Amino acid sequence: MSDKSTMTEEREGSDQPDLLYLLRGAEDFSRFVFPDSEALFKSLAHRQTPHTLFITCADSRVSPEMITQTRPGELFVCRNIGNIVPAYGEMLGGVSAVVEFAVLALNVRQIVICGHSDCGAMKGLASGATIADEMPTVHAWLRNAEAARSVVMARKLEEARVVQAMVEENIRLQLTHLRTHPAVAGRLALKQLQVQGWVYDIGQGEVSIFDEGGGGFESIPEARERLLRQGAA
Ligand SMILES: [Zn+2]
């Protein structure tokens with residue numbers, strides 16, 4: 001087997017990552033990473049059976065497989081600016097198709113909507129800065145989170161708390177939107193699907209979980225206890 005340290009040294013030499021940097025990465029993957037998990041990749045060559053649809057922000061700092069410690073084939077991932085799920089019928093596009101396909105064709109058993117700290121989309125919304133002229137498409141897209149902004153602004157929070165409150169309120173809102181999708185509503189009614197909202201804290205490396213019953217966010221141990229209690233009930 002080749003020396004993996006070569007891989008790191010070569011890539012660290014790139015101070016300005018360019019296309020060649022990415023090609024080296026892809027090459028390193030084929031040479032060093034793939035052989036270690038060859039059996040897994042071979043088993044995935046012609047079919048996928050992901051257990052979870054993971055909807056999160058396009059932000060480069062959010063790495064779904066890393067923060068959930070899952071392997072290829074486990075997560076069906078949908079990413080967009082602000083981890084938004086338009087309500088059914090309002091904007092039938094990529095996200096709606098992903099939700100429908102994941103639920104009806106792949107039979108995922110969980111859907112997680114994961115927001116994150118320092119989210120640029122939520123900062124933009126919270127600031128109220130008008131981006132309609134510069135980025136009309138982003139502006140139109142973020143209208144799907146407008147209700148979250150209204151709720152947070154009505155609370156008259158101190159400025160330092162507004163963005164995090166927006167991140168959390170947006171999770172509540174997008175979970176509500178998610179439930180308007182017929183495929184989701186149907187599987188929820190049959191108890192064949194669970195949905196959950198997360199917020200990932202980039203600087204702390206921690207995930208907090210939305211407790212829909214209590215209305216707040218809780219730590220993983222608290223969420224685990226609640227889920228076990230619900231399962232036992
Ligand atoms: Zn974001």
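Here are three short exercises, with solutions, on the structure above.

The model is predicted, so local features need pLDDT of at least 70 and side-chain atom pairs count only at pLDDT 80 or more, while totals for chains, interfaces and linings use all residues. Residues are numbered from 1 along each chain as its sequence is written, and side-chain values use heavy atoms, with hydrogens and water left out.

**Exercise 1: the zinc site**

Work out which protein atoms are donors of the zinc ion, and which strands C57 and H116 lie in.

*Solution.*
- Step 1. Start with the donors (N, O and S atoms within 2.8 Å of the metal, or 3.2 Å for Na, K and Ca; water is not among the atoms, so sites may look incomplete). They're C57 (SG), H116 (NE2) and C119 (SG), at 2.0 to 2.3 Å from the zinc ion.
- Step 2. Read the spacing along the chain: C-x58-H-x2-C.
- Step 3. Now place the pair. C57 sits in strand β1 (residues 52–57) and H116 in strand β3 (residues 110–116), so the two tie together parts 59 residues apart in sequence. Helices (H or I, at least four residues) and strands (E, at least two) are DSSP runs, numbered from the N terminus.
- Step 4. Check burial (buried is under 20% relative accessible area, exposed over 50%, partly exposed in between; 1.4 Å probe, protein chains only). C57 is buried at 6%, and H116 is buried at 1%.

**Exercise 2: one side of a helix**

Find which residues of helix α6 are buried, and what covers them.

*Solution.*
- Step 1. Helix α6 spans residues 120–127, and its A121, M122, L125 and A126 are buried.
- Step 2. These residues cover an arc of only 130 degrees around the axis, so they're on the same side of α6. The arc is taken from the directions from the helix axis to the C-beta atoms.
- Step 3. The cover over the buried residues of α6 includes α7 (136–142), α8 (146–154) and α9 (159–179).
- Step 4. Following α6 comes G128, with a positive phi near 75 degrees.

**Exercise 3: around N80**

Say where N80 is placed, and which residues it contacts beyond its neighbours within four places in sequence.

*Solution.*
- Step 1. N80 belongs to strand β2 (residues 75–80).
- Step 2. With 10% relative accessibility, N80 counts as buried.
- Step 3. Contact means heavy atoms within 4.5 Å. Leaving those sequence neighbours aside, N80 is in contact with T56, C57, A58, V95 and W141. C57 is also one of the zinc donors.
- Step 4. For a C-alpha check, N80 and C114 are 34 residues apart along the chain, and their C-alpha atoms are separated by 11 Å.
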